[in-house]
2 protein chains.
Amino acid sequence: MLREALTDPSPENLLKFLNTHLGNRDCLIQVLGECEVFYQGRAASVAEAGDFLVLVKCDGSLQVHGAKGIKPINWQPKVDDTQVLIENGRAVLLSERFNPPELVRVVFLKPALAQALELDEVSGFVLFGSEAEMQKALTRNPEAIEAGLTLIDAELPTEVGDIDLYARDSQGRLVVIELKRGKATQEAVYQLMRYVERIGEIGGTDVRGILAAPAITKPALERLQALKLEFHEVRALPVEEKPEAQPTLFSS
Amino acid sequence: MLREALTDPSPENLLKFLNTHLGNRDCLIQVLGECEVFYQGRAASVAEAGDFLVLVKCDGSLQVHGAKGIKPINWQPKVDDTQVLIENGRAVLLSERFNPPELVRVVFLKPALAQALELDEVSGFVLFGSEAEMQKALTRNPEAIEAGLTLIDAELPTEVGDIDLYARDSQGRLVVIELKRGKATQEAVYQLMRYVERIGEIGGTDVRGILAAPAITKPALERLQALKLEFHEVRALPVEEKPEAQPTLFSS
DNA sequence: GTTTCGATATCGGTT
DNA sequence: AACCGATGTCGAAAC
């Protein structure tokens, strides 16, 4: 798993190391040590000399991590060109993207550790509880939103955006449904409002709007009600079971 | 910088290693090797056995990286409790957050390398070109949006959200300005529309709305114009100089 | 603690 | 390539 490691490499050795493994494109490269980091692109930033962990993955993506926080202080998700050179006796990493033009420049002042790590690509990853999954489940079973609902369409395109679910209720009224996997906000209410208005314009009379989500913020609920729209609770995931609270043969 | 490293640690040694450095809270901890990762919280996920790089920073934040991509496959940004234990002869890392309840569980199947890295906290980081910076610059110099503009307020709260900039034009009309640091989308147009409608309701007549951004998407511009709103170009950063295109004393 | 909004958001899908 | 919407978004500020 550890292909190669250098401690306290000279700029020349670090250059050679980085060029070798960047060229192979089969290792995760990391350099730990004191660096300066510069970024210019959609925004711009400067990080004064400090300790950072620099990661370059097989796909060329770059992230520069500080001591804290989940997010890197600088990064480059899609890289068109990576170069290493020596400037003023220091190894410098340039990570560039062409469109939009973005450049991250890492100057290695005191590299302490450089490693090339083998990481086979991962295949089996599954996520549950996404909005897409909710939509599929509710398409199969619209009754989970309201009894008597008949689905007409999903992802219905309109002038003002795509309607998540489009249905008719038990009384034959058109129903526009906006889905959220998390707590619904005012933004979702306005989204729903636009769809309901649009459906009203192009044909429907007495169009209902339902915001379907596991929860809703207080201000969003107030606005929703003021607009004569509705909230229905639906869950992205089955409610978590709490084994310690379950009655058993022995406790009952 | 490299405080401690173990290669191919036994479950017991890995447990001891993790407990020691998690307790000290002064190192970035890395474990490289074959793992399974489970997550349950707002959503849920399963990653089958595969090669991962697990990072735990001093603040307890956890990220599990695969071979590709800027984003970890699983993560925990705010951690309330981290535990290590041995289950079925394997070291297991539990990273838990209480509110909302979220749990990441990493099972180390074949840990190849465990390292504790010293990273002093970084201080000097500056970002340029944020929307906040744009807003400050335009507050000092509203003429950059339009000649004769007089600022009334910034971040003005309304029923439908906060207005970035609120002004009066040379003819005394009220102007609502929505600021975007990047290309403006339809969403920004609707935001602006809501603000203009709201200001119209509570007092103004003939209220103007300006979307100020470095660029706007084509559909957003069409919708904006249909709504009788305006687009004005403003930049988050000074236009990049291209030295090779600059006329010089010699080329001219 | 809740809500809102910006972000170098990133990412994936669709046109 | 441009555009749009979801994200376990994260993160900070305002309330």
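How many residues does the contact take from chain B and from chain A? Color the two chains separately and have a look: the contact takes 60 residues from chain A and 59 residues from chain B, where contact means heavy atoms within 4.5 Å.

Before going further, a word on what is on screen. This is a predicted model, in which local features need pLDDT of at least 70 and side-chain atom pairs count only at pLDDT 80 or more, while totals for chains, interfaces and linings use all residues. Residues are numbered from 1 along each chain as its sequence is written, chains are lettered from A and ligands numbered from 1 in the order in which they are written, and side-chain values use heavy atoms, with hydrogens and water left out.

**Stop 1: where the two chains meet**

Keep chains A and B in view. Together they bury about 5,200 Å², with 62% of it on carbon and sulfur atoms; buried area is the accessible area (1.4 Å probe) that two parts lose on being put together, summed over both. Now select Asp51(B), Ala67(B) and Ile70(B): these supply 12% of the area that chain B buries against chain A, more than any other three residues.

Next, pick Lys68(B) and Glu121(A). They form a salt bridge whose closest N and O atoms are 3.7 Å apart; the term means a side-chain nitrogen of Lys or Arg within 4 Å of a carboxyl oxygen of Asp or Glu. Across this interface there are 6 salt bridges, along with 27 residue pairs in polar contact, both residues being at pLDDT 80 or more. A polar contact is a pair of N or O atoms within 3.5 Å; within protein, one must be able to donate a hydrogen and the other to accept it, and residues adjacent in sequence count only if both atoms are side-chain atoms.

Which element gives the largest share of the side of chain B that touches chain A? Select β3(B), which provides 9 residues. Helices (H or I, at least four residues) and strands (E, at least two) are DSSP runs, numbered from the N terminus. Sorted by class, this side of chain B has 30 nonpolar, 14 polar and 15 charged residues. Here Ala, Val, Leu, Ile, Met, Phe, Trp, Tyr, Cys and Pro count as nonpolar, Asp, Glu, Lys and Arg as charged, and the others, Gly among them, as polar.

Now show β3 (residues 44-56) of chain A beside β9(B): the two run antiparallel and are joined by 4 bridges. Two strands pair if DSSP finds at least two bridges between them. To find a matching position, look for Ala44(A), which stands opposite Phe128(B).

**Stop 2: DNA strand C**

Select DNA strand C and the residues around it. There are 23 of them, and the closest are Trp75(A), Lys183(A), Gln186(A), Glu131(B) and Arg181(B); a residue is near a molecule or strand if one of its heavy atoms lies within 4 Å of it.

Zoom in on Arg42(A), which has a polar side-chain atom 2.8 Å from a base oxygen of the strand. For phosphate oxygens, try Trp75(A), with a side-chain N or O atom 2.7 Å from one, and Gln186(A), with a polar side-chain atom 2.7 Å from one. The surface near DNA strand C has 8 nonpolar, 5 polar and 10 charged residues.

**Stop 3: DNA strand D**

Move on to DNA strand D, which 23 residues surround. Of its atoms within 4 Å of the protein, 79% belong to sugar or phosphate and the rest to bases. Show Arg181(A), whose side chain has a polar atom 2.6 Å from a phosphate oxygen. Then turn to Trp75(B): a polar backbone atom there lies 2.3 Å from a base nitrogen. β5(B) gives the largest share of the surface near this strand, 3 residues.

**Stop 4: inside single chains**

In chain B, select Glu102(B) and Arg42(B), a salt bridge with its closest N and O atoms 2.8 Å apart. Glu102(B) is in strand β8 and Arg42(B) in the loop between β2 and β3, so the pair ties together parts that are 60 residues apart in sequence.

Finish in chain A with β6 (residues 81-87) and β7 (residues 90-97), an antiparallel pair with 7 bridges. Glu87(A) stands opposite Arg90(A). The two strands form a hairpin with 2 residues between them, and Asn88(A) in the turn has a positive phi of about 50°.
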